[in-house]
Structures are given as C-alpha cells and as structure tokens.
Amino acid sequence: MSDYIVKNGQKLKFGYTTGSCAAAAAAASTMMLLTRRKIDGARIFMPDMTEVFFLIEDAAMDDNCAFCNVVKDAGDDPDVTHGAKIGCTVKLTEKDIVITGSRGVGIVTKKGLQCDVGEYAINPVPKKMIRQNVERILKQYHYSGGVLIEISVENGEELAKKTYNGRLGIVGGISILGTTGIVEPMSEQALIDTIKVLVDRRYAENPESILISPGNYGEAYCKDTLKLDINQAVKISNYIGETLDYIRYKGFKHVLLVGHFGKLIKLAAGIMNTHSSYADARLEILAAHAAMYGLEKEKIIEIMNSTTTEEALDVLKKESIYGDVMRSILDKILYHVNMRLRKEVDFNVIIFNTSGAHVLKSESADQATEIFRRAQV
C-alpha cells in the first residue's frame, strides 16, 4: 500500500487508527516477553492483510511483563489523538488471550455502542486485530500458555475531553477505534467528488436504480435481516444532500437509502449533512414528535437527557404512541428528501438501530430491497 494518496491536486499522507497502534504495541510487547529482548519496531497485519511496520517507544520488561508505546500518526488527516502514545502491557498467564483496557482508555457507561456497558471502549475490529497479531506471535515462538493484554493511552483522559466520548457515555479516556486500520486523508470537497465518481460508476452499470448508505455500520443487520450486502452500496458518509442532488442530476429513477437511526433521523429536520459538527438534533427530533402525540413532560425530559438515539428510542417504545411517532418521523424524512429530489426520483428508505429493535421503512422499501437482492446474485 502506498503511504500517500493524491486528492484535489494534493499529495496527502495516510495515517493509522488507534486500533492499529494498539495492535502494534500488543504485538511488540508480546514479542519482547517471549524473546527476552527489547525491540524498536514491530510489523502487524491490517484487516485487509496488508503488512505495516510501526516504531516502538518506551520499551520495558521484567520477568513476567512487557510494555511499550506506539505514537499515533494520523497522517494529513489529524485529529485529537494525533501524536498520542498508545501503550500495551502484556503479562503471561496460564491460558487464554484476554484483552482489556487500562489508564487512558474509556469505559462504556451507556447502551447503544459497539461495546457493552462496563467494558473498556475497545471496538470489535481493533480487538480482533490485537488478538490475531498476538496469536501469530505466540504461534511463531511456540508458546501455548495465555496472555493478559492491557491497552493504555498516555493522557487519554485529557484527550477525551476534546472528543464526543462524554456525550456518548464513555468516561475516563478515549476509544480504541478503526474498521480498516487506516486513516485516509480527505478534504470534504474531495470526498464529495469521490462520491460523485462512485455514483457515475453505478449509473454506467444501471441507470435506473442506486443503493446508497452512509457506511458499513449495521452491516450485520443488513446481511442477516435484509439479506442485503451493504458493501454493494455507494458509501456517501455524511453527505446525503450532495449525493441526492447528484443522483437527481444523473437521472436515476429509483434510490434506496439504508442506514442507522443515529444519522438518518436527522433528515426529519431537513439536515442533509449528518456530521455532528454541522447539526445534531437527534434527540430534539424524537422529543418534538413525541410531544405532538401527547407524551408526558417527564418522558420527554428523559428522551432529551438520553445519551444516544438508541437509549431514547427504548424510552419511547414503552409508550402507546410509539408507532404514531415513528410514522410521523418517517413522513418528515420523506417530505424533506422528496423536496431535495424535487420529486423527480422515486425514493425509499430503511432505517434501523443496532439491535434491529427499531426499524423505519417507507411503503415500497421491501420491493426496492428485493431489486437489489436479485442484483447481488
């Protein structure tokens, strides 16, 4: 893999996620512990099996424990964790590989995230990367016992204050994140331009219908419940308005939008860029529609005080007005999107939460989904 990508006439450097750095630190600490030698670098395999080399800092060990740091390089797309020291302590145990967090890694206190309440915020893909890379080293050195892997972040609690972790119910540090292991630098306009190229490609294949989605979040739900491979969709990130404009311009006749409640509920307020830095009215939308159908004040306050959309939806589902509120929100979504499309494109939408307990579908969404299912075969 190249270290750079050219976008908008600029040569931009790729970076690495906190998850990649944690996996590299875990691999290095494990290797030091088994070889009894300090090292200054480690190679790991990314989710796509690309091999990447990471420099190691602050290496230390004793008879039963090894520690090191990896400094996160976010490339030309830096965030608050750029330059952070992602550390790992590995200890020998009798059996099993146990992965946990330590100082500077946040703890989940609210439902609706990818980690359970009470767990350290180490997301599934990074956890899988850590395990696979450590297992490879254990096998390489013929070690049959277990290891305890503790991920840490120097000054993680301070870094977390500059993120949305507090609002999400993650306390005490940052999250260990990443789905590909790579941070791809991309300006907003460059990303929109890339989306247009992908739409062009779909138009060349089928000028009638197009499947779009903010990303791969909810991939399991789409696969298991909808029988729909979300990887076949054009990934539009937060740029729903710009994508719809271009779909109308290209002349598509049908569009199916599939995505998670946390993003797509914002469409009910006419918010067409769903990034939280532009607008975040998820709870306000739920509360306003619930109030229209007579939900008592205390429950509206409970919705407004929820940490996540998932939590607020669970509050609402206990009420008799749940169905009316959901239909009201769907009607508003359809109104705003059809206005954006100037009613020139047939639009359908499927919105779901992580567990699949809350689902919104437009009237013809199932028929539209079947079209894309047949195309996948």
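Helix 9 is followed by Gly294, whose phi is positive, near 85°. The model is a predicted one. Helix 9 itself covers residues 282–292. The points below take up this helix, then two sheets, a pair of helices, and two loop residues.

**Helix 9 and its surroundings**

- The buried residues of helix 9 are Arg282, Leu283, Ile285, Leu286, Ala287, His289 and Ala290.
- An α-helix has 3.6 residues a turn, so residues three or four places apart point the same way.
- Among the elements that cover the buried residues of helix 9 are helix 4 (165–168), helix 8 (261–264) and helix 10 (297–304).
- Helix 11 (309–317) and helix 12 also belong to this cover.

**The sheet with strands 6, 7, 8, 12 and 9**

- Five strands make up this open sheet, in the order 6-7-8-12-9, and their pairing is mixed.
- Strand 6 (57–61) and strand 9 are the edge strands, each pairing on one side only.
- From one strand to the next, the twist averages 15°.
- Helix 1 packs on this sheet and touches strand 6, strand 7 (65–71), strand 8 (85–93) and strand 12.
- The direction of helix 1 makes about 40° with that of strand 8.
- Helix 2 lies across strand 9 and strand 12, and runs at about 140° to strand 9.

**Strand 9 in detail**

- Strand 9 (residues 97–101) has side chains that alternate between two faces.
- Ile97, Ile99 and Gly101 point to one face and are buried, whereas Val98 and Thr100 point to the other face and are not buried.
- Five bridges pair strand 9 with strand 12 (residues 146–153) in the parallel sense.
- Ile99 has Ile149 of strand 12 as its bridge partner.

**Helix 1 against helix 2**

- Two packed helices are described by the angle between their axes and the distance between the axes.
- For helix 1 (residues 18–35) and helix 2 (residues 124–140), the angle is about 20° and the axes are 9 Å apart.
- Helix 1 is therefore roughly parallel to helix 2, as angles under 35 degrees count as roughly parallel.
- The two helices, helix 1 and helix 2, cross in a right-handed way.
- On the helix 1 side, the contact includes Gly19, Ser20, Ala22, Ala23 and Ala26, and on the helix 2 side it includes Pro126, Met129, Ile130 and Asn133.
- The residues of this contact divide into 12 nonpolar, four polar and no charged.

**The sheet with strands 17, 16, 18, 19 and 20**

- This open sheet also has five strands, in the order 17-16-18-19-20, with mixed pairing.
- Its edge strands, each pairing on one side only, are strand 17 (234–235) and strand 20 (359–361).
- Strand 18 (residues 254–260) and strand 19 (residues 346–352) run parallel and are joined by seven bridges.
- Val255 stands opposite Phe347 of strand 19.
- Helix 12 (residues 322–340) lies across strand 19 and strand 20, at about 140° to strand 19.

**Two loop residues with positive phi**

- Most residues other than glycine have a negative phi.
- Met49 has a positive phi, near 75°, and lies in the loop between strand 4 (41–45) and strand 5 (51–55).
- Met49 counts as exposed because its relative accessibility is 54%, and the cut-off for exposed is over 50%.
- Ser237 has a positive phi, near 55°, and lies in the loop between strand 17 and helix 7 (240–250).
- Ser237 counts as partly exposed because its relative accessibility is 22%.

Terms used. Residues numbered from 1 in each chain as written. Predicted model: local features only at pLDDT ≥ 70, side-chain atom pairs only at ≥ 80, totals over all residues. Heavy atoms only, no water. Pairing = 2+ DSSP bridges. Helix = DSSP H or I, 4+ residues; strand = E, 2+ residues; numbered from the N terminus. Contact = heavy atoms within 4.5 Å. Axes fitted to C-alpha atoms, helices over the stretch in contact; angles between N-to-C directions. Parallel < 35°, antiparallel > 145°, perpendicular 65-115°, else oblique. Left-handed = near helix turned anticlockwise from the far one by under 90°. Nonpolar A, V, L, I, M, F, W, Y, C, P; charged D, E, K, R; others polar. Buried < 20%, exposed > 50% of the residue type's maximum accessible area, 1.4 Å probe, protein only.
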